[in-house]
Amino acid sequence: KELIQRLPKLICYECQLPLLPETPPASWKEDTSTVEMEKDIRVERLSCDHWYHYNCLEKIMSRPPFDDKKCLAPDCEESIHHNVFNIKFIRKMEQRWLKKEERRRELADIADFLT
């Protein structure tokens, strides 16, 4: 019961927006698929008891540095641990970022060569 009362008042530490909207958006109509609706409204609690939008947590975990991410809440130094954003996910994001950086460097080298 306490959580139900507290959750609408909490903010996401990544985007600084309320975890839940004051009024349900139009996209939550009955004809919206459950998967779409869940992705829009899904919130996640970390072991430190701080809450984030699922999409915001995914953004945090997808950007470097990839190891030992810390909670963004003020005065919280706990590492982020989450069953979805496990070591396999982190290594996948790390490889994706490395490829993107490699491509950026190659394009910069080509631009330098041509000028």
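In which helix does Ile110 lie? I looked it up and found Ile110 in helix α4. I note at the outset that I am working with a predicted model.

**Entry 1. Overall layout**

I began with the secondary structure of the protein chain. I counted four helices and two strands. Following the sequence, I read their order as α-α-β-β-α-α. I then looked up burial across the chain. Of its 115 residues, 26% count as buried.

**Entry 2. The nonpolar core**

I turned next to the largest nonpolar core, which has 22 residues. Which of its members touch the most others? I recorded Leu46, Tyr52, Met61 and Cys71. I then asked which elements give two or more residues to this core. They are strand β2 (51-53), helix α3 (54-61) and helix α4. The greatest contribution comes from α3, which gives five residues.

**Entry 3. Trp51**

I looked separately at Trp51, which is placed in strand β2. Is Trp51 buried or exposed? Its relative accessibility is 11%, and because buried means under 20%, I entered Trp51 as buried. I also checked a pair that is far apart in sequence: Trp51 and Ile11 are 40 residues apart along the chain, and 7.5 Å separates their C-alpha atoms.

**Entry 4. Salt bridges around Asp49**

I proceeded to the charged pairs. In general, side chains of opposite charge can pair when their charged atoms come close. I found a count of eight salt bridges. One that I examined joins Arg6 and Asp49, with 3.8 Å between the closest N and O atoms. Arg6 belongs to helix α1 (residues 2-6) and Asp49 to the loop between β1 (43-45) and β2, so this pair ties together parts that are 43 residues apart in sequence. I noted both partners as partly exposed: Arg6 has a relative accessible area of 29%, and Asp49 has a relative accessibility of 33%.

Asp49 also meets Arg45 in a salt bridge, at 3.6 Å from N to O. Arg45 is again partly exposed, at 45% relative accessibility.

**Entry 5. A salt bridge within helix α4**

I then followed a pair in helix α4. The side chains of Glu101 and Arg104 form a salt bridge, with an N to O distance of 2.9 Å. Both residues lie in α4, three residues apart, which is about one turn of the helix. I compared their accessibility: Glu101 counts as buried at 17%, whereas Arg104 counts as partly exposed at 48%. Returning to the other pairs, I noted that shared partners join the salt bridges of Arg6, Arg45 and Asp49 into one network.

**Entry 6. Two surface patches**

I searched the surface for patches of like character. Which residues gather in a patch of negative charge? I listed Glu102, Glu106, Asp109 and Asp112. Of these I looked up Glu106, which is found in helix α4 (residues 87-114). Glu106 is partly exposed, with a relative accessible area of 42%.

I also recorded a nonpolar patch on the surface, formed by Leu107, Ile110, Phe113 and Leu114. Together these residues have about 490 Å² of accessible area. Here I came back to Ile110, the residue of my opening question, and its place in α4. Ile110 is partly exposed, with a relative accessible area of 47%.

**Entry 7. Backbone geometry**

Finally I checked the backbone. Most residues other than glycine have a negative phi, and most peptide bonds are trans. Where is a cis peptide bond found? I located one joining Pro64 and Pro65, with omega at about -5°. Pro65 sits in the loop between α3 and α4.

I then noted positive phi values. Gln16, a residue other than glycine, has a phi near 65°. Its place is in the loop between α1 and α2 (34-41), and Gln16 is partly exposed, with a relative accessible area of 47%. Asp49 is not a glycine either, yet its phi is positive at about 75°. I had already placed Asp49 in the loop between β1 and β2, and as partly exposed at 33% relative accessibility.

Notes:
Residues numbered from 1 in each chain as written. Predicted model: local features only at pLDDT ≥ 70, side-chain atom pairs only at ≥ 80, totals over all residues. Heavy atoms only, no water. Patch = residues over 30% accessible without salt bridge, like charges linked within 9 Å, V, L, I, M, F, W, Y side chains within 5 Å. Areas by Shrake-Rupley, 256 points an atom, 1.4 Å probe, with all protein chains shown as cover. Salt bridge = Lys/Arg side-chain N within 4 Å of Asp/Glu carboxyl O. Lys, Arg positive; Asp, Glu negative; His and termini not counted. Charge placed at Lys NZ, Arg CZ, Asp CG, Glu CD. Buried < 20%, exposed > 50% of the residue type's maximum accessible area, 1.4 Å probe, protein only. Core = buried A, V, L, I, M, F, W, Y, C linked by side-chain atoms within 4.5 Å.
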